[in-house]
Amino acid sequence: MNIDYSDKIPNNVNLGSNRTLMRALEQWQPQFQRWWGEVGPLDTREIDVYLRTAVSALPKGWANYDYVKMRDYRWGIFLAPAEPGRKVNFGAHKGEPAWQEVPGEYRANLRWLIVTQGDTEPASVEQQRHLGRTCPSMYDLRNLYQVNVEEGRHLWAMVYLLHAYFGRDGRDEAQALLERRSGDADNPRILGAFNEPTPDWLSFFMFTFFTDRDGKMQLESLAQSGFDPLSRTCRFMLTEEAHHMFVGETGIGRVVQRTCEAMKAAGVEDASAIDKVRALGVIDLLTIQKKLNLHYTLSLDLFGSEVSTNAANAYNAGLKGRFRETAIDDDHRLENDFYPVLKFVNGEIKLVDEPALTALNMRLRDDYTRDCAKGVERFNKIIERIGVDFRLALPHVAFHRDIGEFKDVQATPSGVLVDAATWAKQKDQWLPSLADGEFIASLMKPVSEPGQFASWIAPPRVGIDNRPGDFEYVKLEAA
Ligand SMILES: [Fe+2]
Ligand SMILES: [Fe+2]
């Protein structure tokens with residue numbers, strides 16, 4: 001399971017034994033690098049960054065930390081070890097040996113799942129391209145670049161599957177993954193949240209907390225796939241993904257902490273005294289709540305319609321399972337089961353039992369919401385510990401939705417239905433307004449001295465790889 005870095009494309013899939021595949025990927029490689037140069041992180045060619053690089057696909061000691069010149073970063077293809085005797089664990093094929101090749105009848109479905117996942121990876125790199133110019137510290141800058149290179153690697157992971165298992169049309173799709181652009185009017189990325197701007201670092205932390213967490217849920221369900229190469233690919237991606245959510249959670253936590261500490265120190269007790277709080281050079285908790293409302297709801301849309309025959313088909317076919325499928329105690333076929341779905345019925349929001357198979361998106365979204373809620377509770381612990389009277393909360397799932405049951409109604413963050421006029425009048429209290437965005441933007445001044453942090457964010461409790469507080473995570477001058 002060790003990774004060979006002597007190959008042109010580092011890998012643990014014995015790429016050298018398949019000349020055709022290797023040549024095809026070696027042709028894609030310079031195009032990937034061109035894409036990275038064009039829309040990847042700005043100003044990074046010459047700098048040295050303290051990055052982790054995968055050295056093995058085994059869970060213990062899988063990565064090394066060292067300075068890497070960004071332009072020399074080695075993207076590669078890494079799969080988690082095969083599980084001997086692995087089976088298809090759900091759906092109509094439950095109990096059959098896991099597939100090592102693509103089952104012909106599911107080819108188009110499987111390709112679409114891989115393309116949709118693959119498309120999110122380069123999209124986030126594009127969205128975060130300019131953030132380095134306003135980093136709150138060298139520690140945070142390093143984390144941004146770590147996330148960026150790993151999203152680049154996740155693109156490699158999906159492109160490997162497309163090239164290795166889908167022939168000509170797989171290669172075409174791999175090409176198209178480098179051609180779509182986040183936010184582009186003519187050729188946008190596939191999913192909504194991946195076309196939204198990430199204008200500032202609070203957005204980045206919200207994105208890694210909420211949107212990367214959607215990524216985690218999708219990868220968890222694809223890791224259950226009966227198509228074994230997809231399962232192994234996703235399992236290794238999840239190892240990397242954990243850090244992205246760490247960046248989001250600790251990022252938001254540090255912003256919340258700094259705000260509360262500044263309020264306490266200045267004797268500002270009222271969290272709604274926005275001007276007083278902002279005058280302290282920190283982001284007021286109400287604005288943090290609005291950012292949270294925005295990113296949570298954009299991410300809810302990524303789960304698709306609550307009731308979906310596509311989701312049922314993918315499950316039945318054994319392509320995409322549930323979160324922690326094998327740990328669930330049921331028949332793993334779901335033909336006779338029901339699941340409660342929040343729906344809009346006769347002008348009211350109601351829980352309705354739907355066949356469990358078609359309600360799989362809803363179920364995964366519920367798992368996601370539970371995961372998010374735990375994180376929000378940890379933020380509330382920080383606020384409580386410092387002694388500020390305020391609580392952050394996830395908004396109701398009917399609030400600010402573009403996809404699914406609630407896309408045509410307007411609801412408040414607490415789930416009360418309102419008319420369009422009320423919505424228009426109040427929306428700036430619930431979602432970041434232009435003025436909020438301008439205020440946050442005014443705080444985004446780069447800090448490049450090791451160990452120093454911008455006014456609006458607390459330092460981390462521990463350094464990456466246990467490095468000391470003033471560690472030089474990024475060497476901006478070429479050595
Ligand atoms: Fe990713
Ligand atoms: Fe990620």
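How are the donor residues of the iron ion (ligand 2) spaced in sequence? They follow the pattern E-x60-D-x28-E-x2-H. This is a predicted model, in which local features need pLDDT of at least 70, side-chain atom pairs count only at pLDDT 80 or more, and totals for chains, interfaces and linings use all residues. Residues are numbered from 1 along each chain as its sequence is written, chains are lettered from A and ligands numbered from 1 in the order in which they are written, and side-chain values use heavy atoms, with hydrogens and water left out.

**Iron sites**

- The iron ion (ligand 2) has the protein donors E151 (OE), D212 (OD), E241 (OE) and H244 (ND1), at 2.0 to 2.2 Å. Donors are N, O and S atoms within 2.8 Å of the metal (3.2 Å for Na, K and Ca); water is not among the atoms, so sites may look incomplete.
- The arrangement around the iron ion (ligand 2) is irregular because its four donor atoms subtend angles of 86 to 171°. Four donors count as tetrahedral if all angles lie between 85 and 135 degrees; four count as square planar and six as octahedral if opposite donors are over 155 degrees apart and all others between 65 and 115; anything else is irregular.
- The iron ion (ligand 1) has the protein donors E121 (OE), E151 (OE) and H154 (ND1), also at 2.0 to 2.2 Å, with the sequence spacing E-x29-E-x2-H.
- E151 bridges the iron ion (ligand 1) and the iron ion (ligand 2), and the two ions lie 3.4 Å apart.
- Helix α3 holds both E151 and H154, three residues apart, about one turn of the helix. Helices (H or I, at least four residues) and strands (E, at least two) are DSSP runs, numbered from the N terminus.
- E151 has a relative accessibility of 3% and counts as buried, and H154, at 0%, is buried too. Buried means under 20% relative accessible area, exposed over 50% and partly exposed in between (1.4 Å probe, protein chains only).

**Aromatic pairs and charges over rings**

- Rings of Phe, Tyr and Trp (its six-membered ring) pair if their centres lie within 6.5 Å; planes under 30 degrees apart count as stacked, over 60 as edge-to-face and the rest as tilted. By this rule there are 33 aromatic pairs.
- F209 and F210 form an edge-to-face pair, because their ring centres are 4.7 Å apart and their planes stand at 80°. F209 is buried at 0% relative accessible area, and F210 is likewise buried at 0%.
- Y296 and Y368 are stacked, with ring centres 6.3 Å apart and planes at 5°. Y296 belongs to helix α8 (residues 285-301) and Y368 to helix α10 (residues 360-386), so the pair ties together parts that are 72 residues apart in sequence.
- One aromatic cluster consists of W28, F32, W35, W36, Y73, W75 and W156.
- The charged end of R213 sits over the ring of F209, 4.3 Å from its centre; such a charge is NZ of Lys or CZ of Arg within 6 Å of the ring centre and within 35 degrees of the ring normal.
- The charged end of K475 sits over the ring of Y67, 4.0 Å from its centre.

**Helix α1**

- Helix α1 (residues 19-39) has 21 residues, and the distance of 30 Å between its end C-alpha atoms agrees with the expected span of 30 Å. The expected span is 1.5 Å times one less than the number of residues.
- Buried residues of α1 include L21, W28, F32, W35 and W36.
- The buried residues of α1 pack against α2 (107-127), α3 and α4 (167-179), where contact means heavy atoms within 4.5 Å.
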